[in-house]
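Trainee: I am new to this structure and would love a close look at a single part. Could you take me through one helix and its surroundings?

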Amino acid sequence: MFAVAAIFAIALYYLEAWPFWPVILICLVYIILMLVLSTNVQFNFFVKAYNKNPEYPENSVALSFDDGPVENTLKILDILDKHNAKAAFFCIGKNIQKHPEIFREIIKRGHIVGNHTFSHTRKMGMLSSKRIIEEINKCNEVAEKIGGVQMKFFRPPFGIINPKTQRALKKTGHQVIGWNNRPYDAITKSPEKILERITRDLNRGDLILLHDNMLKTGPVLEQLLVILKQRNFSTVRPDRLFDIHAYS
Ligand SMILES: [Zn+2]
């Protein structure tokens, strides 16, 4: 609809029916709107994503970790074990190839794994649907070969879901798992700040996004699990939070 409005405005300008500025304004609004919609998975604009479940019958929250597996993932696994918590790990295909043992260890310890593309390229928003399909399929192939799982869950790198991702997901059939609690741990230095962002407005059925490739995630997770217990929250694995299957 907005694209049509922008094209219409440009056409009016060329027909000399409209002056320059209203046309620029409409095009700018369109660009900003598209940027906001395609980088916020919570809006469910291009694809329906599972972001939270406030209807979950228990007072639980779910934990998810992106960008592994890496050496640090083992520390995260030990902390989760200590607190008897199960989580979802959205893995990068390249990292699965680099750390096959750690990938298998995640599954062995009762967590679920999901697709986070093969290369996690920074150009994610610029890729064609064909390239996105290749990224998703290659990650799934590596995971199946190394871990024996056919991953159905997909978490878009940087949360980018645009019309090309939408088309790609229609082909691959993956289910998008988003989040509703994001402490920006990948770009925030202070563990206290990260912890404060997670816990300041925590509700039943929230899905928390962390990164297992960050060294500070371990100490943050240790404290978070203690705080959750103090506030009478348990943890639930994301597939159980939404009552959907992680593998086909
Ligand atoms: Zn990522």
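Mentor: Happily; here is a walk along helix H9 and the core around it. This is a predicted model, in which local features need pLDDT of at least 70 and side-chain atom pairs count only at pLDDT 80 or more, while totals for chains, interfaces and linings use all residues. Residues are numbered from 1 along each chain as its sequence is written, and side-chain values use heavy atoms, leaving out hydrogens and water.

Helices (H or I, at least four residues) and strands (E, at least two) are DSSP runs numbered from the N terminus. H9 covers residues 217–230, 14 in total, and its first and last C-alpha lie 20 Å apart, close to the 20 Å expected at 1.5 Å a residue (the expected span is 1.5 Å times one less than the number of residues). After H9 comes asparagine 232, with a positive phi near 60°.

Buried residues (under 20% relative accessible area, with a 1.4 Å probe and protein chains only) in H9 include Val220, Leu221, Leu224 and Leu225. The buried residues of H9 pack against S2, H3, H8, S7 and S8, where contact means heavy atoms within 4.5 Å.

Now the core: a nonpolar core is a set of buried Ala, Val, Leu, Ile, Met, Phe, Trp, Tyr and Cys residues joined through side-chain atoms within 4.5 Å. The largest has 35 residues, of which Leu63, Phe65, Leu80 and Phe89 touch the most other members. H9 gives the most to this core, 6 residues. Leucine 63 touches Leu221, Leu224 and Leu225, among others.

Terms used: Buried < 20%, exposed > 50% of the residue type's maximum accessible area, 1.4 Å probe, protein only. Lists of a residue's contacts leave out its neighbours within four places in sequence.
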